[in-house]
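User: Please explain the terms used for helix packing and for internal spaces in this model. For each term, set the value against the rule behind it.

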Amino acid sequence: MSAPPAPSPSIWIAADAVDRARPRSKQRQLGASDTVCERRAAYVYHGWPRTDHVISRAAILGTYIHEGLTTAAKREFGWLVEKRVADEEIRGTIDIVQLDQATARRLPRRLRPKVPADVNTVEDIKTKTVRRWDRVLRYGATDAELRQVHTYARVLRTHGFLAVDGQRALARLGPIPVERIRIRFIDRDSGEEHVQEIPYDPQRAEEARWWLQRITETKSPEDARRDFYGPGIDTVCDFCPFATACWGAPAAGRPVQANIVRTDADVAQKLADYTAAHEQWSAANRIKKFVRKAVDATPEGQYGAHLLEWRSPESAQEEPDFRQIIELYDDLQVPIPTVPDKERMVKALITAGIAVPMRKIKKAASRAISVSTAAK
Ligand code: SF4
């Protein structure tokens with residue numbers, strides 16, 4: 001008898017191997033895309049080896065979409081794509097540069113855009129999952145995203161394109177007076193596109209530079225702040241290549257966050273954080289409750305920048321139809337179980353003024369935290 005055929009390997013094994021071989025994945029110099037978290041940037045800056053490898057399928061898909069879109073933009077619009085910049089502190093690859101006419105004229109014809117921009121524009125493409133899409137439409141780019149794209153623009157303004165093979169003609173242009181930032185969001189599920197354009201902000205670019213400077217002033221990554229709350233809370237930590245270096249390995253049955261609380265003073269600080277967060281949450285929750293009541297008579301529709309929809313819980317829920325179930329049992333000639341109706345029996349005792357007999361039971365549930373102010 002011949003052996004059964006070997007199961008097909010997961011295609012993600014191949015995708016991961018290709019992703020790991022990319023120059024970006026091997027790069028050890030601080031890049032603008034590392035500026036999402038202070039601590040993570042410090043690990044890169046101090047040359048620490050990566051401690052974690054998690055395949056982020058969503059990120060790999062994002063890379064594929066990215067490549068497809070930038071290739072198409074280069075072919076159809078003649079935009080400059082995937083161009084490298086660097087200064088003494090940071091390097092990066094800009095997704096798209098759309099030059100204005102005056103700057104483009106200084107280039108060989110083959111490098112000029114088919115449609116020049118009215119002002120020199122640096123563009124970054126961000127793909128997002130459908131879960132994050134609502135946030136994109138409401139609030140636009142995050143601080144980290146604005147920091148990254150302003151860093152690219154600043155380096156282009158001060159140093160121009162990096163003089164490396166494939167872009168030496170661009171490097172000869174010298175510093176490029178970038179005036180506009182464009183962040184193009186793409187919904188990874190539907191392909192929907194949302195473009196946010198803002199003027200280049202020298203103040204924000206300077207703040208991004210200070211941010212980098214703080215990293216270069218650290219003696220070790222431990223001096224840098226964790227900007228996220230760790231695996232299981234923030235996705236960026238779930239896929240961070242330094243997660244174990246940052247939080248340590250978890251003790252049996254404990255989350256990794258428990259590793260960083262060692263002394264009573266640490267506990268006191270965390271409980272103070274909890275109380276402060278609770279105060280903010282209850283203030284915000286009161287506002288939400290107030291608004292819910294205030295717009296109670298308002299029909300669905302767009303009001304200013306916001307869309308109002310009413311979701312009726314009844315329409316979204318389903319429950320077994322016992323009438324039909326009984327008929328079905330009857331048709332099938334299956335005996336209908338006759339279990340006591342506990343709720344009705346308890347209600348009947350209460351109505352008759354008879355004490356309901358109680359017994360203690362233990363339910364397995366995760367522990368809930370309770371934090372209150374201690375007596376002095
Ligand atoms: S695990 Fe999270 S907090 Fe730690 S370095 Fe990575 S991104 Fe930053």
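**Helix packing and internal spaces**

Analyst: In this predicted model, the axes of helix 3 and helix 9 (residues 202–217) come within 9 Å of each other and cross at roughly 55 degrees.

User: Why are helix 3 and helix 9 called oblique to each other?

Analyst: Angles under 35 degrees count as roughly parallel, and those from 65 to 115 as roughly perpendicular. The crossing of helix 3 and helix 9 is roughly 55 degrees, and the two helices are therefore oblique to each other. Their crossing is right-handed.

User: Which residues make the contact of helix 3 with helix 9?

Analyst: From helix 3, Glu-38, Ala-41, Ala-42 and Tyr-45 meet Trp-211, Arg-214, Ile-215 and Thr-216 of helix 9. By class, this contact divides into five nonpolar, one polar and two charged residues.

User: What makes helix 7 roughly perpendicular to helix 9?

Analyst: The axes of helix 7 (residues 143–159) and helix 9 come within 8 Å, with a crossing of roughly 100 degrees. The range for roughly perpendicular is 65 to 115 degrees, so helix 7 is roughly perpendicular to helix 9.

User: How is the contact of helix 7 with helix 9 made up by class?

Analyst: Asp-143, Leu-146, Arg-147, His-150, Thr-151 and Arg-154 in helix 7 face Arg-204, Ala-205, Ala-208, Arg-209, Trp-211 and Leu-212 in helix 9, with contact meaning heavy atoms within 4.5 Å. Five of these residues are nonpolar, two polar and five charged. Trp-211 also belongs to the contact of helix 3 with helix 9.

User: Why are helix 1 and helix 4 described as roughly perpendicular?

Analyst: Helix 1 (residues 11–21) and helix 4 (residues 57–77) pack at an angle of about 65 degrees, and their axes are 11 Å apart. The range for roughly perpendicular is 65 to 115 degrees, and the pair is therefore placed in that class. The crossing of helix 1 and helix 4 is left-handed.

User: Where do helix 1 and helix 4 meet?

Analyst: Trp-12, Ala-15, Asp-16 and Asp-19 in helix 1 are in contact with Arg-57, Ile-60, Leu-61, Thr-63 and Tyr-64 in helix 4. This contact has five nonpolar, one polar and three charged residues.

User: How many cavities of 30 Å³ or more are there, and what surrounds the largest cavity?

Analyst: The count is three cavities of 30 Å³ or more. A cavity is a space where a 1.4 Å probe fits but cannot get out. The largest cavity has a volume of about 120 Å³. It is lined by 14 residues, and Cys-37, Cys-237, Cys-240, Cys-246 and Trp-247 are the closest to its centre. Helix 3 (38–45), helix 10 (235–238) and helix 11 (243–247) each give two or more residues to this lining.

User: What is the division of the lining of the largest cavity into nonpolar, polar and charged residues?

Analyst: Cys and Trp both count as nonpolar. The lining of the largest cavity has ten nonpolar, no polar and four charged residues.

User: What makes the second largest pocket a pocket, as opposed to a cavity?

Analyst: A pocket is an open set of points, whereas from a cavity the probe cannot get out. The second largest pocket has a volume of about 1,100 Å³. It is lined by 29 residues, and nearest its centre lie Gln-257, Ala-258, Ile-260, Val-261 and Lys-270. Helix 11 and helix 12 (264–294) are the elements that give two or more residues to its lining. Helix 12 gives the most, with six residues. By class, the lining of this pocket has 17 nonpolar, three polar and nine charged residues.

Conventions. Residues are numbered from 1 along each chain as its sequence is written. This is a predicted model: local features need pLDDT of at least 70, side-chain atom pairs count only at pLDDT 80 or more; totals for chains, interfaces and linings use all residues. Side-chain values use heavy atoms; hydrogens and water are left out. Axes are lines fitted to C-alpha atoms, for helices over the stretch in contact, and angles run from 0 to 180 degrees between N-to-C directions. Helices (H or I, at least four residues) and strands (E, at least two) are DSSP runs, numbered from the N terminus. Angles under 35 degrees count as roughly parallel, over 145 as roughly antiparallel, 65 to 115 as roughly perpendicular and the rest as oblique. A crossing is left-handed if the near helix is turned anticlockwise from the far one by less than a right angle, and right-handed if clockwise. On a 1 Å grid over the protein atoms alone, a cavity is a set of points where a 1.4 Å probe fits but cannot get out, and a pocket is an open set with protein on both sides within 12 Å along at least five of seven lines; lining residues have an atom within 4 Å of a point. Grid points are joined across faces, edges and corners, and a volume is the space filled by probe spheres set on the points.
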